[in-house]
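Subject: Structure for you to look at, with notes

Dear colleague,

I am passing on the structure we spoke about, and I would be glad if you would read the notes below with it open in front of you.

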Amino acid sequence: MPINLRIPGPVPLPQEVREALAQDMIDHRGPEFASLFGEVTEGLKYVFQTKHDVLILTASGTGGLEAAIVNLLSPGEKALVVINGFFGERWFEIARAFGVEAIPLRFPWGLGAEPEDVRKALIKAGDCKALLITHNETSTGITNDLEAITKAAYSIENPPLILVDAVSSLGAIDLRPDEWGCDVVVTASQKALMAPPGLSIISVSPRAWEAYEKAKLPRFYWDFRKAKEYALRNQTPFTPALSVLFGLRKSLKLIREEGLAVVFDRHRAVAEFTRQGVKSLGLSLFPDEKWASNTVTAVRIPPEFRADELIERLREGYGIVVAGGQGALKGKIIRIAHIGRVTAEEMAQVIAALKELLPCSRS
Ligand SMILES: Cc1ncc(COP(=O)(O)O)c(C=O)c1O
């Protein structure tokens, strides 16, 4: 039975990427690697829509988030953390783990953050070094209005650094670090970049580099300066995840050939198709539709149905693999992802399977 992998990453890989992964190892200090690294960096700058530095770290997305904290902040400094889901909570926990005075600004799960509330909270907290925000909250299926939020943050005196978790949005949903003033944007290879897990990619603005000079947290493996110095020679300080880079070179080429604007439109269309399909079954979306994400659709499972059983039956009977709820949403929602090269036909299969299964999944 073919598998229709509909979790929000790792995402299915295009055939061309899978073929690229089959390549043998190369010398990561040799000329072949330098050319690979240069090509990947250039492709990443296109997808990130940035002229700033783009650093490649061998880690999953969370490693990139931790790297942002240890490179830019100091113990005792304040950071306002926008939290409207599981990954916002993670940002908060990482900051706290390193002794940053993390101030939570919580919004109900399923809603986006209100820019005006962010502005007020920054003023109230006073002297915030950073604003930590999750662009696309994968756990609830919403996208925060990052452009409006950055505008609100820049409207205050001494605006904070803006650190963005874009793990489930970058390359699928429009995000413009330079235009909007995002100082650090973090993503990972296994989502919209359509490569295997293993790399975290981070854009770093000139303002972030200034903060780096003053930041006092200890760092070694995550050190941005080390990564940049090696990147200038088209190398990495430590042994890179070579195979992931082989795949990423190919997937970035595919994205460039299609064009970023077309990729965004395609995600929007497939997401809309999915939302309509879900609603046609009489189910409701978990988030307020105004904020609904174009990469993951969270569906409320009414109490008379068993979400875990539904997930198992989709997997066993149809080869469709969806995700359940995280944290407080466990057992209450299912999440159907449409990140990367996904077609409406693949989403139609999910809707058709749900239609068959729902009547017999009553508890
Ligand atoms: C928004 C967001 N942030 C962070 C992460 C964590 O990424 P990783 O599992 O690659 O560490 C994820 C993973 O799904 C995510 O969706």
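The notes that follow go through the ligand surroundings, the strands, two helices and one lysine.

Please keep in mind throughout that this is a predicted model.

I begin with the ligand, which is surrounded by Pro-8, Gly-9, Ser-60, Gly-61, Thr-62, Phe-87, Thr-134, Thr-138, Asp-165, Val-167, Ser-168 and Ala-188. Sorted by class, this shell comprises 4 nonpolar, 7 polar and 1 charged residues.

Turning to the strands, there is an open sheet of 7 strands with mixed pairing, in the order β2-β10-β9-β8-β5-β3-β4. The edges are taken by β2 (53–58) and β4 (101–106), and because each of these has a single partner strand, one side of each is left without a neighbour in the sheet. On average, and with direction ignored, neighbouring strands of this sheet are turned by 20° against each other. Helix α8 (residues 206–214) packs on the sheet, where it touches β8 (161–165), β9 (184–188) and β10 (199–204), and its direction makes about 105° with that of β8. At the β4 edge, strand β3 (residues 78–83) runs parallel to β4 and is joined to it by 6 bridges, with Ala-79 having Ala-102 in β4 as its bridge partner.

Strand β12 (residues 296–300) has its own pairings, and 4 of its 5 residues are buried, which leaves the strand mostly covered. It is joined to strand β11 (residues 284–285) by 2 bridges in an antiparallel arrangement, in which Ser-284 stands opposite Arg-300 of β12. β12 also pairs with strand β14 (residues 333–337), again in the antiparallel sense and over 5 bridges, and here Ala-298 stands opposite Arg-335 of β14.

Two helices deserve a closer look. Helix α3 (residues 61–72) has 12 residues and reaches 17 Å from its first C-alpha to its last, which is close to the 16 Å expected at 1.5 Å a residue. Since 10 of the 12 residues of α3 are buried, this helix is largely enclosed by the rest of the structure; among the buried residues are Gly-61, Glu-66, Asn-71 and Leu-72. Gly-61 also appears in the list of residues around the ligand.

For helix α10 (residues 242–258), the 17 residues should span 24 Å at 1.5 Å a residue, and the end C-alpha atoms are 25 Å apart, which agrees with that expectation. Its buried residues include Leu-242, Phe-246, Lys-250 and Ile-255, and the buried residues of α10 pack against α1 (15–21), α2 (31–48), β10 and α11 (260–280). The helix is followed by Gly-259, whose phi is positive, near 95°.

Finally, is Lys-129 buried or exposed? This lysine lies in strand β5 (residues 128–134), and because it has 21 C-beta neighbours inside 10 Å, where 20 or more are needed, it counts as buried. Leaving aside neighbours within four places in sequence, Lys-129 is in contact with Leu-73, Glu-77, Lys-78, Ala-79, Pro-160 and Leu-161. Of these contacts, Ala-79 is the residue already mentioned as the bridge partner of Ala-102 in β4. Lys-129 and Val-40, by contrast, are 89 residues apart in sequence and 32 Å apart in space, taken from C-alpha to C-alpha.

With best wishes

Definitions and conventions: Residues numbered from 1 in each chain as written. Predicted model: local features only at pLDDT ≥ 70, side-chain atom pairs only at ≥ 80, totals over all residues. Near = placed C-beta within 6 Å. Nonpolar A, V, L, I, M, F, W, Y, C, P; charged D, E, K, R; others polar. Pairing = 2+ DSSP bridges. Axes fitted to C-alpha atoms, helices over the stretch in contact; angles between N-to-C directions. Contact = placed C-beta atoms within 7 Å. Expected span 1.5 Å × (residues − 1).
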